[in-house]
Amino acid sequence: MYDIAEPSGMRLHLTDYHLEMARLLIAERESPPRVPLEKGEPEGISLQQHVAEAARLIEETGYKRRLPELQELQHKLSAISELS
């Protein structure tokens, strides 16, 4: 998804990508993956960076229907930060 959406400037799809990657990274904390990233996906982007990028894109594009998902991820991120 990323390798198509990013160069094409498909910002709503990029927003969805960052939200989903943040969810995936949260899930991976419980069960680490055994497969590599797909070709074209940026490596080493942290959970915090995915959430921040999703927030930026939502604000810039007006993609407000994704706000509840973003807020849920921000809440989970806060909880994770408090545990660390």
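**Exercise 1. In this predicted model, find which residues Arg 66 is in contact with, leaving aside its neighbours within four places in sequence, and decide whether Arg 66 counts as buried or exposed.**

Solution. Begin by locating the residue: Arg 66 lies in the loop between helix 3 and helix 4. Next, list its partners outside the excluded neighbours, which are Asp 16, Leu 19 and Ile 58. Finally, compare its relative accessibility with the cut-off: a residue is buried when the value is under 20%, and because Arg 66 has 15%, it counts as buried.

**Exercise 2. Starting from Leu 19, work out which residues it touches beyond four places in sequence, and which residues form the largest nonpolar core.**

Solution. Take the contacts of Leu 19 to begin with: they are Ala 54, Arg 66, Glu 69, Leu 70 and Leu 73. Then turn to the largest nonpolar core, whose eleven residues are Leu 19, Ala 22, Ile 26, Leu 47, Val 51, Ala 54, Ile 58, Leu 70, Leu 73, Leu 77 and Ile 80. Two or more residues of this core come from each of helix 2 (11–28), helix 3 (47–61) and helix 4 (67–83). A separate, second core has six residues, among them Tyr 2, Leu 14, Tyr 17 and Leu 57.

**Exercise 3. Describe how helix 3 and helix 4 pack, stating at what angle and how far apart their axes lie.**

Solution. The angle is about 150°, and the axes are 10 Å apart. Since angles over 145 degrees count as roughly antiparallel, helix 3 is therefore roughly antiparallel to helix 4. The crossing of these two helices is left-handed. At the residue level, Leu 47, Gln 48, Val 51, Ala 54, Ala 55 and Ile 58 of helix 3 meet Leu 67, Leu 70, Leu 73, Gln 74, Leu 77 and Ile 80 of helix 4.

**Exercise 4. Describe how helix 2 and helix 4 cross, and name which residues meet.**

Solution. The axes of helix 2 and helix 4 come within 11 Å and cross at roughly 30°, and helix 2 passes helix 4 in a left-handed crossing. From helix 2, the residues Leu 19, Ala 22, Arg 23 and Ile 26 meet Glu 69, Leu 70, Leu 73, Lys 76 and Ile 80 of helix 4.

**Exercise 5. Establish where in the protein confidence is lowest and where it is highest.**

Solution. Consider the whole protein before its parts: the mean pLDDT is 83, with 81% of the residues reaching 70 or more. Confidence is lowest in helix 1 (residues 2–8), at a mean of 73, and highest in helix 3, at 94. Where pLDDT is low, the predicted coordinates should not be read in detail.

Terms used: Residues numbered from 1 in each chain as written. Predicted model: local features only at pLDDT ≥ 70, side-chain atom pairs only at ≥ 80, totals over all residues. Heavy atoms only, no water. Core = buried A, V, L, I, M, F, W, Y, C linked by side-chain atoms within 4.5 Å. Buried < 20%, exposed > 50% of the residue type's maximum accessible area, 1.4 Å probe, protein only. Helix = DSSP H or I, 4+ residues; strand = E, 2+ residues; numbered from the N terminus. Contact = heavy atoms within 4.5 Å. pLDDT = per-residue confidence, 0-100. Axes fitted to C-alpha atoms, helices over the stretch in contact; angles between N-to-C directions. Parallel < 35°, antiparallel > 145°, perpendicular 65-115°, else oblique. Left-handed = near helix turned anticlockwise from the far one by under 90°.
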